[in-house]
Amino acid sequence: MREAVPAYLPSACFLGWLSTKLSKNWCYKMISKKILRVVVTVFGLGSSAVTADTSTEQRVPPVKFLQLSETVWMHTSYKVFKKFGAYPSNGLVVVDGANSILIDSAWTDAQTTEILDWARNELGHPVKQAIFTHAHSDKMGGVGAVQARGIETHALALSNQIASASGLMPAEFDLTLNQNDKALNFGPVEVFYPGAGHSADNLVAYVPEAGILFGGCLIRSARAKRLGNIADANLMHWGDAVGSVQQQFSDATLVVPGHGEPAGAELLELTFQLVTEHGR
């Protein structure tokens, strides 16, 4: 299911509303209307490692795709939980010449196959590389589907260790990144490890040409009122990790959280506040 966002939304709202006569409220309203048509609005309820019994009473929604820029798309897949209903998880597909780069899988192999098919058949840029931002099932639950296509798969060495120990398939290649090392370049994508936060191994990805930062589960959505599941979190360092991301990618104009709607760089500050409030 491919639906292109009108060009005026990213240019007038995400990237340049301060220089136009449009109000922020109008922009937020228009963006929300667009997102409502392509994703289920249950964002901000929790985190990637929610532990709850799944329910078969509600049908799992199909994978959705939302265009964020000329070359960047957000994929959103769902898992149905008894407590939360259909719970969404985001990733990216970034065009790289004739091909594309996948940032994070969907929850399952079947959903991830949908993303790979879409990139090849609808987008016209088949995935040639995949990067996974941490070892939870919403980000690495579909590694098997990616590897079955012969696609290169990459994750932090720590993520691959955690995946192997927790029943997830590890990526083929280890990323050798230490905390706050210079970002690794994968074509148009920069991959950065700010240290532990939501999990010990959480990475972020940045597309400088588009000013789009994929914060993954390190960054919370605007609707989030709490940090969500913190079973694997490092609460002492989470705020520092967010600060490192702010410093490294200060020119980011659009931030995509692991769960929830894309918004501006204020999501970084919001996440920092939630971490601070949790510690009180």
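Visitor: Is Lys-139 buried or exposed?
Guide: This is a predicted model: local features need pLDDT of at least 70, side-chain atom pairs count only at pLDDT 80 or more, and totals for chains, interfaces and linings use all residues. Residues are numbered from 1 along each chain as its sequence is written, and side-chain values use heavy atoms, without hydrogens or water. The classes rest on relative accessible area (1.4 Å probe, protein chains only): under 20% is buried, over 50% exposed, in between partly exposed. At 0% relative accessibility, Lys-139 therefore counts as buried.

Visitor: Which residue does Lys-139 meet in a salt bridge?
Guide: A salt bridge needs a side-chain nitrogen of Lys or Arg within 4 Å of a carboxyl oxygen of Asp or Glu. Lys-139 has such a partner at 3.9 Å, N to O. The partner counts as buried, at 0% relative accessibility. It is Asp-104.

Visitor: How many salt bridges are counted?
Guide: The N-to-O rule sets the count. The pair of Lys-139 and Asp-104 is among those that meet it. The count comes to four.

Visitor: How far apart in sequence are the parts that Glu-261 and Arg-223 tie together?
Guide: The closest N and O atoms of Glu-261 and Arg-223 are 3.3 Å apart, in a salt bridge. Helices (H or I, at least four residues) and strands (E, at least two) are DSSP runs, numbered from the N terminus. Glu-261 lies in the loop between β12 (254–257) and α8, and Arg-223 in the loop between β11 and α7, so the parts tied together are apart by 38 residues.

Visitor: Which of Glu-261 and Arg-223 is buried?
Guide: Arg-223 has a relative accessible area of 43%, which makes it partly exposed. At 16%, the buried one is Glu-261.

Visitor: Which residues are linked in a network of salt bridges with Asp-117?
Guide: Asp-117 has a salt bridge at 2.5 Å, N to O, with Arg-149. That pair links helix α3 to the loop between α5 (143–148) and β6 (152–156), 32 residues apart. Asp-117 is partly exposed at 25%, and Arg-149 is partly exposed at 35%. The network links Asp-117 with Arg-120 and Arg-149.

Visitor: What is the nearest side chain of opposite charge to Arg-220?
Guide: Arg-220 sits in the loop between β11 (212–216) and α7 (235–248). Arg-220 is buried yet has no salt bridge. Lys and Arg count as positive, Asp and Glu as negative; His and the chain ends are not counted. The nearest opposite charge, 8.9 Å away, is on Asp-138.

Visitor: How far apart are the end C-alpha atoms of α7?
Guide: The expected span of a helix is 1.5 Å times one less than its number of residues. The 14 residues of α7 should therefore span 20 Å. The computed distance agrees, at 21 Å.

Visitor: Which helix is included in what covers the buried residues of α7?
Guide: The buried residues of α7 include Trp-238, Ala-241 and Val-245. Contact means heavy atoms within 4.5 Å. Strands β9 (189–192), β10 (204–207) and β11 are part of the cover, and so is the helix α8.

Visitor: What arc do the buried residues of α8 cover around the axis?
Guide: Leu-267, Leu-268, Thr-271, Leu-274 and Val-275 are buried in α8. They lie on the same side of α8, because their arc is narrow enough to put them there. The arc is that of the directions from the helix axis to the C-beta atoms. It is only 125°.
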